[in-house]
Every structure is written in structure tokens, then in C-alpha cells.
Amino acid sequence: METIEPWALGYFLVCFFLVFFCYVRGNKKYKGVIAVLDKDEFSLRDFFPAGFYLMEKTRYSYGSSFDRVLRKYMKELYDPKYCEFYVRAYWAAAASYLLMGMLVSGLLMLGGQTGIAGLMLGAGIGLGYMTLTAVSEKIEKRHLLISMDMPDLTNKIVILSGAGMTLRAAIIKISAEMSNDRPLYRELDRAVSMMEAGNTAEAAFDYFVTRCNMPQMRRFVSVVLQNMHRGGQDVTRALKEIGEEQWNNRKNAARQFAEEASTKMLFPMMLMLLAVILLTIAPAVMSMRV
């Protein structure tokens, strides 16, 4: 039986007691907090209390430039009222992956697998980093979907306005008729619901821009609010100009989707090519051995 190195035992005990302590103490304080997290989106949320507790004890301020960007992203992905909670949830997820990596590396170190233990610790750090950086990918995908739908929305408003409807009535009609399974129409429906509930158009569209924080969206909302306040026929011409720009953005978004699809197909194609090469070479190699 192989003897366990004292330093390996010490490393394992440090990792084990740190993870155990963070999980037990965190579970008492944050067990109810993680219940609101979506299980599909946060598959390992049951371990997040340990991450919440670790972040609490490190006294991280959540005030860096990265956190400011992350906070802006959270306002788009989730209800802005819960922005601070989700910033902390993502950091807790990253800390939880780090703790899991430490625990697994400690177990491997105890078994003498030093090299693999280092890889597992690196994997924990890598997963934590990817958890935080994946938010920007979600936002990018969301913006692409919004860019794809913006020209249709603008054209519908132009057509209905040209038919004699007020801009407000046109937006309400479009919101009622369109399915809200797409980000743009889902947020438009929320903005319309706010106006119908008695909120001002400024408050409703300020929420709309917060949830769809894109330059073309801010320009679109500026034209809409200007027309709601002052009226006039200039809005149709302005919206047509915006619509033309949005069609160009849509072409770029479609091109980006196509490039991403071709990139995703590259790896399976490489595997198929490798399989064909192996099937071609294998008979020749076997015959040479004979």
C-alpha cells in the first residue's frame, strides 16, 4: 500500500474543511436564496450556498469596472429590480466551481495523482471564469435576435401610422398581435403593460431601452417619444430611415448567424474526415503487418 505524503494529506484537509465549512455555513444562510434560481440555467445551484458564503467572507465589494458591466448585463437578462442579486449569484457560481475544483484536486492529491489534481484545480478556476464571461455571449445572442426583429417592428409601425393610427395605438396593436417568445416583442409587451397600468410613456420606454440596451434601440425610442409628445408627420420619415439602417443591421446579424453555424459545423466535419482517413488507412496498415 502506498504511503500518503504529509503535504498531500495537509492539502486535502485544508481543501475539505474549507469547502465543508463554506457549504454548511452558507446552507444555513443562503438555502432559501438559491431557490429562486432557475434549475435549468444554474444546474449546480444546490452547491451555490458555499460560493455565496465564500464571497461574503472575502468581503468582495462588487465595485470593479467588470462588475459595472456585469450589472448592466443583468438588467437586460433579468428584471432590473433583481440586478444586484444576480450579480452576486454569478459570482457565487464562479466561487462554487472554484471550491469544487479544490475539493476534487485534494482528493486526487491524496491518491498521488498530482498532475491530474493540478488540472482539476485549473478546471475549477476555468469554469468559474467561463461562468462570468458567458454572460457577454448571452447578451450578444440576445442583441442579435433583437436586431433580426427590429426592421419588422419598425415597418409595422410605419404602415399602421400611415393608415391613420396614432403611434401609441400602433405599438399597442403590434404588441397584442405578435407572439412574445422573442426578446424584442416580450420586452415591448412589458412596456405596453406598464403604459396600460398607468405609467408614463417615458417610464415604460425607459424600461424598454434598459432591457434592450442597443444604440439603434435608443434612437428608435427617442423618435417614438418625440412623436408621442409633439406629434407631426416627421416621425414616418424618421422611422423609414431607421428601418433602412435596421435592415442593414439585420443582414449583418444574419451573416453572423451563418458564420457561427459554419464554425459549429467545423468540428463534426473534422471528426468525419478523421474517420474516413482511418477507414482508408487501416486496411493498408493491417496488410503491411501481415
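**Exercise 1. Find the salt-bridge partner of R182, and say where each residue lies and how exposed it is.**

Step 1. Start with the rule: a salt bridge needs a side-chain nitrogen of Lys or Arg within 4 Å of a carboxyl oxygen of Asp or Glu. R182 meets it with D149, the closest N and O atoms being 2.8 Å apart.

Step 2. Now place the two residues. R182 sits in the loop between α6 (167–177) and α7, and D149 in helix α5, so the pair ties together parts 33 residues apart in sequence. Helices here are DSSP runs of H or I with at least four residues, and strands are E runs of at least two, numbered from the N terminus.

Step 3. Check exposure, where buried means under 20% relative accessible area, exposed over 50%, and partly exposed in between (1.4 Å probe, protein chains only). R182 is partly exposed at 30%, whereas D149 is buried at 10%.

Step 4. Look for a network as well: R142, E187, R190 and R211 are joined by salt bridges that share partners.

A word on the model: it is predicted, so local features need pLDDT of at least 70 and side-chain atom pairs count only at pLDDT 80 or more, while totals for chains, interfaces and linings use all residues. Residues are numbered from 1 along each chain as its sequence is written, and side-chain values use heavy atoms, leaving out hydrogens and water.

**Exercise 2. Is E187 buried or exposed, and which residues is E187 in contact with?**

Step 1. Locate E187 in helix α7 (residues 183–196).

Step 2. With a relative accessible area of 0%, E187 is buried.

Step 3. List the contacts (heavy atoms within 4.5 Å). Leaving aside neighbours within four places in sequence, E187 touches R142, Y207, F208, R211 and C212.

**Exercise 3. Describe the salt bridge between E41 and K138.**

Step 1. The closest N and O atoms of E41 and K138 are 3.0 Å apart.

Step 2. E41 belongs to the loop between α1 and α2 and K138 to helix α5, so this pair links distant parts of the chain, 97 residues apart.

Step 3. Both ends are partly exposed: E41 at 33% and K138 at 34%.

**Exercise 4. Which residues touch the most other members of the largest nonpolar core, and which element gives the most to it?**

Step 1. Such a core is a set of buried Ala, Val, Leu, Ile, Met, Phe, Trp, Tyr and Cys residues joined through side-chain atoms within 4.5 Å. This one has 35 residues, and F48, M74 and L99 touch the most other members.

Step 2. Two or more residues come from each of α1, α2 (48–58), α3 (65–77), α4 and α5 (114–162). The most come from α4, with 13.

Step 3. Follow L99: beyond its neighbours within four places in sequence, L99 contacts L18, V19, C22, F47, A50, G51 and L54.

Step 4. Apart from this core lies another, of 31 residues, including L153, A170, I174 and M195.

**Exercise 5. Compare the span of α3 with its expected value, then find its buried residues and their cover.**

Step 1. The expected span is 1.5 Å times one less than the number of residues. For the 13 residues of α3 that gives 18 Å, and the end C-alpha atoms are 19 Å apart, which agrees.

Step 2. D67, L70, R71, Y73, M74 and E76 are buried in α3.

Step 3. Their cover includes α4, α5 and α8 (201–211).
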